[in-house]
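Hi,

Here is the structure I promised to send over. Have a look at it first, and then read on for what I found.

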There are 2 protein chains.
Amino acid sequence: MKVYLLDNGTLMLDKSLATWNHNQGIEFRFPVFAVFIDHPDGKIMLDTGFDKDWVERKLPFEKPTQTADQTIEAQLAKIGVKPEEIDIVVNSHLHFDHCSANKLFPQAKFIFSRSELRHSFVPDPWEKLGYDPDLVNIPGMKTELIDIGDYEYEIASGVSAILTPGHSNGHLSFIVRPGDGHQPLVFPVDVAYTRHNLENKVLMGLHSDPEDLLRSMHKVENIAKKIGGKIFFSHDPEEYTTYKLAPEYYGG
Amino acid sequence: MKVYLLDNGTLMLDKSLATWNHNQGIEFRFPVFAVFIDHPDGKIMLDTGFDKDWVERKLPFEKPTQTADQTIEAQLAKIGVKPEEIDIVVNSHLHFDHCSANKLFPQAKFIFSRSELRHSFVPDPWEKLGYDPDLVNIPGMKTELIDIGDYEYEIASGVSAILTPGHSNGHLSFIVRPGDGHQPLVFPVDVAYTRHNLENKVLMGLHSDPEDLLRSMHKVENIAKKIGGKIFFSHDPEEYTTYKLAPEYYGG
């Protein structure tokens with residue numbers, strides 16, 4: 001099993017959206033990436049990044065940067081994978097920077113939390129900017145809506161999702177165990193944009209439920225510790241510079 | 001029954017704390033007031049404001065303004081009431097700007113939500129700045145910890161509290177029906193700092209649970225409409241200029 005981080009460019013927000021009620025008026029530019037897993041049982045995407053045109057049209061203040069090389073399609077091409085080869089797409093949640101390339105994979109099976117679909121179609125007043133059902137509603141799509149309880153949902157052998165609500169209502173995090181002595185990989189996704197968020201229990205300003213988010217931080221942290229996993233932060237400008245990006249990979 | 005608004009000065013926050021994830025870097029200076037009710041059955045305080053020294057020591061960035069005339073003690077003196085005459089103090093919640101003069105009333109019976117006490121003594125990481133158990137832990141205090149369900153909790157005839165969580169975990173709002181043809185008064189307290197918050201369902205950046213807060217906004221709005229009540233907003237600079245302040249009063 002090979003695990004690739006697909007570089008998807010950067011976005012910008014007021015820093016207080018990453019550190020709730022603190023650091024207002026400071027610009028925070030952060031990376032976005034998706035994960036591709038070349039698995040013996042099939043080709044899997046964990047999230048699918050953002051679309052530069054969509055962001056420029058809908059949220060121009062996020063000032064996206066994304067070169068032609070940083071689209072999900074280009075990133076997959078880099079490792080010789082065509083979009084139509086993807087078997088499964090799992091979305092941690094349906095915010096635009098995690099599902100915008102879903103449309104590349106009409107033949108895939110989609111997996112995401114049931115409640116994310118409700119929030120995408122009928123967002124609460126404060127979360128309207130993050131969701132867009134047009135990004136999710138792929139003609140002919142095969143979707144498995146899941147409702148994970150307190151267990152690991154197995155996507156494929158060694159690849160699982162856990163329920164970690166709080167950033168968004170049906171948010172999932174991912175645990176990947178490549179086996180063969182390779183260190184497990186833990187993707188909290190938006191349970192913690194940065195190491196600072198997780199280690200200091202500093203919540204992001206964008207959230208659906210702060211108590212839930214705090215519980216999810218503890219959950220991810222405990223699991224990572226228990227299995228000796230390496231944590232990859234979803235939007236951490238400093239940590240990101242240390243990650244191996246496609247065509248390099250983790251596992252083997 | 002006479003209902004007095006006790007002017008308590010002003011505080012300042014980044015505007016994004018009043019309009020979640022919006023208006024970062026803009027100063028928002030807002031009024032603070034407490035309510036005194038001269039009731040046939042006793043003298044009642046609804047909240048007790050902030051203490052300028054405490055704020056200057058603990059949260060200097062909130063730049064408090066409070067003249068000698070704007071302390072709760074001075075405001076009560078203005079209408080000829082001594083602190084030791086107060087029978088009941090109800091705290092909507094235990095944030096510092098709603099309970100700092102509790103210490104003036106050691107003889108009174110205190111009423112507030114059970115869960116507020118837990119949050120005051122052991123705040124969640126993001127709410128540490130708002131609470132201070134020293135403001136609440138009055139030596140010899142008689143306290144009635146309440147756990148209101150989905151009903152009006154009667155404090156005295158025509159004076160009631162309803163549970164409206166979301167800004168803080170055990171938050172209460174107040175409904176006062178002075179009778180004798182006087183218009184009912186509705187005090188959402190921190191369900192909505194401003195009319196803008198309530199009418200547009202714009203949540204404050206300070207909250208314990210956004211879904212709860214939205215529900216509480218709908219609840220207060222519906223009750224006010226049903227009983228034809230006038231809504232008094234807790235921290236609305238514009239609306240505040242239209243309110244009658246002590247020694248003037250509502251009811252009669």
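Before the strands come up, one term: two strands count as paired if DSSP finds at least two bridges between them. Also keep in mind that this is a predicted model.

With that term in hand, start at strand S5 of chain A, residues 109–113. One of its bridges puts A:Lys109 of S5(A) opposite A:Ile88. The strand on that side is S4 (residues 88–90) of chain A, and S4 and S5(A) run parallel, with three bridges between them. S5(A) also pairs with strand S6 (residues 142–146) of chain A, again in the parallel sense, over five bridges. In that pairing A:Phe110 faces A:Thr143 of S6(A). Is S5(A) enclosed or open to the outside? Four of its five residues are buried, so the rest of the structure largely encloses this strand.

Now the overall build of chain A. You'll find six helices and 12 strands in it. The C-alpha trace spans about 45 × 40 × 35 Å along its principal axes. Does that fit a globule? For 252 residues, a compact globule would have a radius of gyration near 18 Å, and the 17 Å of chain A agrees with that. As for burial, 51% of the 252 residues in chain A count as buried. Contacts between distant parts of the sequence matter for the count too: among contacts in chain A with a separation of 6 or more, 68% are between residues 24 or more positions apart.Next, the sheet I'd look at in chain B. Five strands make up an open sheet there, in the order S7-S8-S9-S10-S11, with mixed pairing. Strand S7 (153–156) and strand S11 (230–233) of chain B are the edge strands; each has a single partner strand, so one side of each has no neighbour in the sheet. From one strand to the next, the twist averages 25°. Helix H5 (residues 210–227) of chain B packs on this sheet, where it touches S9, S10 and S11 of chain B. The direction of H5 makes about 175° with that of S10(B).

Within that sheet, strand S9 (residues 172–176) and strand S10 (residues 185–189) of chain B are an antiparallel pair with three bridges. If you want a residue pair to click on, B:Val176 has B:Leu185 in S10(B) as its bridge partner.

How do the two chains relate? A turn of 180° with a shift of 0.0 Å along the axis lays chain A on chain B, with an RMSD of 0.0 Å. That is the relation of a two-fold axis. Both copies use the same surface, as 100% of the contact residues of chain A recur in chain B.

On to the contact itself, which involves 19 residues from chain A and 19 residues from chain B. On the side of chain A that touches chain B, helix H5 (residues 210–227) of chain A provides the largest share, three residues. Sorted by class, that side of chain A has eight nonpolar, six polar and five charged residues.

Finally, some backbone details. Most residues other than glycine have a negative phi, and most peptide bonds are trans. Here are the spots that depart from this:

- A:Val189 has a positive phi, near 55°, and is not a glycine. You'll find A:Val189 in strand S10 (residues 185–189) of chain A. A:Val189 counts as buried because it has 28 C-beta neighbours inside 10 Å.
- B:Lys201 also has a positive phi, about 50°, without being a glycine. B:Lys201 sits in the loop between helix H4 (195–200) and H5 of chain B. With 15 other C-beta atoms within 10 Å, B:Lys201 is partly exposed.
- The peptide bond between A:Ala246 and A:Pro247 is cis, with omega near 15°. A:Pro247 belongs to the loop between helix H6 (237–240) and strand S12 (250–251) of chain A.
- In chain B, the bond joining B:Ala246 and B:Pro247 is cis too, with omega about 10°. B:Pro247 is in the loop between helix H6 (237–240) and strand S12 (250–251) of chain B.

Cheers

Conventions:
Residues are numbered from 1 along each chain as its sequence is written. Chains are lettered from A and ligands numbered from 1 in the order in which they are written. This is a predicted model: local features need pLDDT of at least 70, side-chain atom pairs count only at pLDDT 80 or more; totals for chains, interfaces and linings use all residues. Copies are superposed by least squares on the C-alpha atoms of residues with pLDDT of at least 70 in both. Two residues are in contact if their C-beta atoms, placed from the backbone, lie within 7 Å. Helices (H or I, at least four residues) and strands (E, at least two) are DSSP runs, numbered from the N terminus. Ala, Val, Leu, Ile, Met, Phe, Trp, Tyr, Cys and Pro count as nonpolar, Asp, Glu, Lys and Arg as charged, and the others, Gly among them, as polar. Axes are lines fitted to C-alpha atoms, for helices over the stretch in contact, and angles run from 0 to 180 degrees between N-to-C directions. The radius of gyration is taken over C-alpha atoms; the globule rule is 2.2 Å times the number of residues to the power 0.38. A residue is buried if 20 or more other C-beta atoms lie within 10 Å of its own, exposed if 12 or fewer, and partly exposed in between; C-beta atoms are placed from the backbone.
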